[in-house]
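Visitor: Could you pick a single part and show it to me up close? I'm new to this, so please explain the terms as you go.

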Amino acid sequence: MLTNPERALMRERLRGLLDAAFLAGGIDEEFRDPMIDRGDGALCLVRPVDEVPKTVLLTRFVPALAEALWRAAAQPRGEAFRLRVALHAGDVHYDGHGAYGEDIDFACRLLDAPVVKRWLKNSADHLVLVVSNEIYRTVVRHGYEGIDSGAFGHEVSVRVGGQRMRGRIRSADPVLPGTGLSA
């Protein structure tokens, strides 16, 4: 179990890893809201603009994050920092207290689904990715360059507002460029 100072360090590392992965993906701060701290995680909202198509999240951001996690763990005395990542596209609403909406609830439920948690626990990977059925249908299944649609074979189902909603888990992290190793 982590002490509070260790938690503070992990939170700082997470923000650093996410920022670096966004920048590696070409997603500057102008295209995203400030990260919303979730205690042991973060909610990152990317604005729907032409400069950041959904494919960029799958082909640049996620691989950059996986590589950063792998490299951090490979450092001498590096800790295995492991993440669950959910990708979804939808409507976000704002009030005086921040972002909210059914689509945020859905992404969070995908992330917290027991099968996704088990997937990470039973995996050697540093990152498990779950995409909403919307992302799968509109992006992944089309097999755009850099996206292996066959890797998203395992379905996950969650309940949001009385509705059954689905997503897909990517079966393994991609091979890191130039290493021949999986992240």
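Guide: Here comes a walk along one helix, followed by a look at its surroundings. One thing up front: this is a predicted model, so to speak of a local feature we need pLDDT of at least 70, and for side-chain atom pairs 80 or more, while totals for chains, interfaces and linings use all residues. Residues are numbered from 1 along each chain as its sequence is written, and side-chain values use heavy atoms, with hydrogens and water left out.

Our helix is α1, residues 4-24 (helices are DSSP runs of H or I with at least four residues, strands are runs of E with at least two, and both are numbered from the N terminus). How far should α1 span, and what does the model give? At 1.5 Å a residue, its 21 residues should cover 30 Å, and the C-alpha atoms at its ends are 30 Å apart, so the two agree (the expected span is 1.5 Å times one less than the number of residues).

Now turn α1 around. Met10, Leu14, Leu17, Leu18, Ala21 and Phe22 are its buried residues (buried is under 20% relative accessible area, exposed is over 50%, and partly exposed is in between, using a 1.4 Å probe and protein chains only). Looking down the axis of α1, you'd find those buried residues within an arc of 130°, so they line one face of the helix (the arc uses directions from the helix axis to the C-beta atoms). On the face turned away from that buried side sit the exposed residues Pro5, Glu12 and Leu23. And what covers the buried residues? The cover includes β2, α2 (54-74) and β3 (83-87).

Let's stop at Arg15, which also belongs to α1. With a relative accessible area of 37%, Arg15 is partly exposed. Skipping residues up to four places away in sequence, Arg15 touches Met35 and Asp37 (contact means heavy atoms within 4.5 Å). Arg15 and Ala42 are 27 residues apart in sequence, but their C-alpha atoms are 8.0 Å apart in space.

Leu14 has a story too: Gly41 touches Leu14 and Ile36, again leaving out residues up to four places away in sequence. You'll find Gly41 in the loop between β1 (36-37) and β2 (42-43). Gly41 counts as partly exposed because its relative accessibility is 21%. Gly41 and Leu57 are 16 residues apart along the chain, with 18 Å separating their C-alpha atoms. Back at the helix, just after α1, Gly26 takes a positive phi of about 75°.

For a neighbour, try α2, where Ala72 lies. At 18% relative accessibility, Ala72 counts as buried. From Ala72 to Leu43 is 29 residues in sequence and 21 Å in space, C-alpha to C-alpha.

Finally, α1 helps to line the largest pocket, which holds about 1600 Å³ of space (on a 1 Å grid, a pocket is an open set of points with protein on both sides within 12 Å along at least five of seven lines, and lining residues have an atom within 4 Å of a point). Of its 48 lining residues, Ala42, Leu43, Arg84, Ala86 and Leu111 are the closest to the centre. The elements giving two or more residues to this lining are α1, β2, α2, β3 and α3 (102-112).

Technical notes
1 Å grid on protein atoms, 1.4 Å probe; cavity = no way out; pocket = protein on both sides within 12 Å on 5 of 7 lines; lining within 4 Å. Points joined across faces, edges and corners; volume = space filled by probe spheres on them.
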